Amino acid sequence: MTDQNSDKSTADLVRDLADQVNRLARTEVTLAVRELKDKARHAGFGAAVAGAGGVFAFYGGATLVAACVLLLTLVLPAWASALIVAGALFAVAGIAVLVARKQLRQGSPMPSSAVENVKDDIQAVKEARQ
């Protein structure tokens with residue numbers, strides 16, 4: 001490669017450098033787009049799970065509360081039965097929120113791999129200039 005570059009003019013070398021920088025920039029942008037799509041997919045899934053958790057909490061509360069409370073009133077006072085059933089429904093809703101939170105964190109907006117690659121590229125160019 002050194003022999004090939006020694007035969008090239010300065011203009012050819014500058015043109016090659018510009019082509020390589022252009023190719024590198026396009027590759028980094030492509031990587032960033034892919035990473036953002038992946039993170040958006042996780043965020044979308046997390047939002048869907050959060051929505052599903054909310055729906056289940058609502059309908060579960062509306063449908064089963066009455067039946068469970070009435071069942072428990074056979075052995076407990078009505079107020080104690082209602083508290084026990086409400087606690088169980090909130091526990092299910094809490095688990096759904098935790099799953100959603102995990103998915104939303106995976107979908108954070110910054111494309112970390114692409115940013116790290118660009119930083120490495122900048123550092124390599126700085127070192128090559130010295």
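Which side chain meets that of Lys-8 in a salt bridge? In this predicted model, the partner is Asp-16, and the N to O distance between the two side chains is 2.3 Å. Neither end of this pair needs to be guessed at in terms of solvent exposure: Lys-8 has a relative accessibility of 28% and therefore counts as partly exposed, and Asp-16, at 26%, is placed in the partly exposed class as well.

The pair formed by Lys-8 and Asp-16 belongs to a short list, for the count of salt bridges comes to three. Another of them joins Arg-15 to Asp-12, with the closest N and O atoms 2.7 Å apart. Both of these residues lie in helix H2, where a spacing of three residues, about one turn of the helix, separates Arg-15 from Asp-12. Arg-15 has a relative accessibility of 47%, and because exposed means over 50%, Arg-15 counts as partly exposed. Asp-12, for its part, has a relative accessible area of 27% and is partly exposed.

Further along the chain, the side chains of Arg-41 and Asp-38 meet in a salt bridge, at 2.6 Å from N to O. Here too the two residues sit in helix H2 and are three residues apart, about one turn of the helix. In this pair the accessibility classes are as follows: Arg-41, at 53% relative accessibility, counts as exposed, whereas Asp-38, at 34%, counts as partly exposed.

Helix H2 itself covers residues 10-72, and its packing against another helix can be followed in the model. The axes of H2 and of helix H4, which covers residues 112-129, come within 8 Å and cross at roughly 160 degrees. Since angles over 145 degrees count as roughly antiparallel, H2 and H4 are therefore roughly antiparallel to each other.

On the H2 side, the contact is made by Leu-24, Glu-28, Leu-31, Ala-32, Glu-35 and Lys-39. These residues are met on the H4 side by Ser-112, Ser-113, Ala-114, Asn-117, Val-118 and Asp-121. Taken by residue class, the contact of H2 with H4 is made up of five nonpolar, three polar and four charged residues. Leu-24, Leu-31 and Ala-32 of H2, together with Ala-114 and Val-118 of H4, are among the contact residues that count as nonpolar. The charged residues of the contact include Glu-28, Glu-35 and Lys-39 from H2 and Asp-121 from H4, while the polar ones include Ser-112, Ser-113 and Asn-117, which belong to H4.

Definitions and conventions:
Residues numbered from 1 in each chain as written. Predicted model: local features only at pLDDT ≥ 70, side-chain atom pairs only at ≥ 80, totals over all residues. Heavy atoms only, no water. Axes fitted to C-alpha atoms, helices over the stretch in contact; angles between N-to-C directions. Helix = DSSP H or I, 4+ residues; strand = E, 2+ residues; numbered from the N terminus. Parallel < 35°, antiparallel > 145°, perpendicular 65-115°, else oblique. Contact = heavy atoms within 4.5 Å. Salt bridge = Lys/Arg side-chain N within 4 Å of Asp/Glu carboxyl O. Buried < 20%, exposed > 50% of the residue type's maximum accessible area, 1.4 Å probe, protein only.
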